[in-house]
Amino acid sequence: MTSPWSKSAALGLMFCTAFGTLSLSLSPLNAAEPEFPKRKSGLWEIRSTGAQANGLAPTRYCVGDATDRADQHLDRATGTRGACTLGAFRKAGEGWLAESVCRESKTVVRSRALATGNLTDNYRIDTVVSYDPPLAGTRREDREAVVATYLGDCLAGQKPGDMVIPGMGTLNMVDGHFKGETAPARPRNSRQSRNTSDAPR
């Protein structure tokens with residue numbers, strides 16, 4: 001996205017709107033439904049449908065019993081984070097609605113996200129981000145959508161909160177721990193291979 005913002009601010013906004021502002025629907029007949037969205041435990045594939053995400057591989061996120069909770073749910077913590085205020089998710093009809101506000105210099109950035117679907121098989125998040133005053137004097141808003149699909153059990157070695165980001169590594173959305181991708185093992189030296197095969201037995 002072309003923007004006069006700093007790189008860190010742009011990345012922060014992308015993270016908040018792409019993954020932080022999720023709102024999910026639950027059955028209205030469930031009398032014990034929580035006051036915040038809570039996904040089914042297991043592995044979820046999350047893909048951005050935005051034009052700027054074309055060609056990017058989806059992330060895979062391991063959800064556990066305590067991954068979505070009242071103070072930190074749907075991949076982000078609520079409250080004030082730097083220049084951003086991230087609102088908690090609230091029931092809105094058959095879905096969940098979240099609103100956030102960020103300030104960068106003279107620009108106020110507001111995001112409004114609504115998701116439809118369910119918490120056991122799939123969901124879709126549609127986010128509208130508005131700028132006041134408009135970016136570069138002309139850009140008033142951006143729209144983004146995220147779709148998620150339940151895949152089954154988490155991958156071997158994953159723990160709840162682990163998000164696998166292709167080409168980068170694994171970021172745990174609960175404790176913030178990041179582990180970069182491990183470089184592939186170097187092939188054995190061909191000379192060593194010959195020496196080994198020629199060694200007396």
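The exercises below, each with a worked solution, concern the predicted model of one protein chain.

This is a predicted model in which local features need pLDDT of at least 70 and side-chain atom pairs count only at pLDDT 80 or more, while totals for chains, interfaces and linings use all residues. Residues are numbered from 1 along each chain as its sequence is written, and side-chain values use heavy atoms, with hydrogens and water left out.

**Exercise 1. Confidence and overall make-up**

Determine what the mean pLDDT of the protein chain is, and which stretches have a pLDDT below 50.

Solution. Start from the confidence score: pLDDT is the predictor's confidence in each residue, from 0 to 100. The mean over the protein chain is 76, and 72% of its residues reach 70 or more. Next, look at the stretches with low values: over residues 1–32 the pLDDT is below 50, although this stretch has 84 contacts (heavy atoms within 4.5 Å) beyond near neighbours in sequence in the model. Residues 190–194 also have a pLDDT below 50, and beyond near neighbours in sequence that stretch has one contact in the model.

Then turn to the make-up of the chain, which has two helices and 14 strands; helices (H or I, at least four residues) and strands (E, at least two) are DSSP runs, numbered from the N terminus. Of the 201 residues, 37% count as buried, where buried means under 20% relative accessible area, exposed over 50% and partly exposed in between, with a 1.4 Å probe and protein chains only. Among the contacts with a separation of 6 or more, residues 24 or more positions apart account for 52%.

**Exercise 2. The aromatic cluster**

Find which residues form the aromatic pairs, and describe the geometry and the place of each pair.

Solution. A pair of aromatic rings is described by the distance of the centres and the angle of the planes. Rings of Phe, Tyr and Trp (its six-membered ring) pair if their centres lie within 6.5 Å, and planes under 30 degrees apart count as stacked, over 60 as edge-to-face and the rest as tilted. A search of the whole structure finds two such pairs.

In one of them, Trp 44 and Tyr 123 are 5.2 Å apart centre to centre with 40° between the planes, a tilted arrangement. Since Trp 44 lies in strand E1 (residues 42–48) and Tyr 123 in strand E10 (residues 122–135), this pair ties together parts that are 79 residues apart in sequence. Both Trp 44 and Tyr 123 are buried.

In the other, Trp 44 and Tyr 150 form an edge-to-face pair, at 5.4 Å centre to centre and 70° between the planes. This pair links distant parts of the chain, with Trp 44 in strand E1 and Tyr 150 in strand E11 (residues 139–152), 106 residues apart. Tyr 150 is buried, as is Trp 44. To finish, join the results: Trp 44, Tyr 123 and Tyr 150 form one aromatic cluster.

**Exercise 3. The disulfides**

Work out which cysteines form the disulfides, and whether each of these cysteines is buried or partly exposed.

Solution. A disulfide is a pair of cysteine sulfur atoms within 2.5 Å, and the structure holds two.

Cys 62 and Cys 154 form a disulfide with their sulfur atoms 2.2 Å apart, and with 95° about the S-S bond this link is right-handed. The pair connects distant parts of the chain, because Cys 62 is in strand E2 (residues 59–63) and Cys 154 is in the loop between E11 and strand E12 (162–165), 92 residues apart. Cys 62 counts as buried because its relative accessibility is 3%, whereas Cys 154, at 24%, counts as partly exposed.

A disulfide also joins Cys 84 to Cys 102, S to S 2.1 Å, and its 110° about the S-S bond makes it right-handed. Cys 84 lies in strand E6 (residues 84–86) and Cys 102 in strand E8 (residues 95–104), so this pair ties together parts that are 18 residues apart in sequence. Cys 84 is buried, with a relative accessible area of 13%, and Cys 102 is buried at 8%. With bonded cysteines counted along the chain, the pattern is 1-4, 2-3.

**Exercise 4. Backbone details**

Identify where a cis peptide bond occurs, and state whether Ser 105 is buried or exposed.

Solution. The cis peptide bond joins Asp 132 and Pro 133, with omega about 0°, and Pro 133 is found in strand E10. Ser 105 has a phi near 60°, a positive value in a residue other than glycine. Ser 105 sits in the loop between E8 and strand E9 (107–117), and it counts as exposed because its relative accessibility is 75%.
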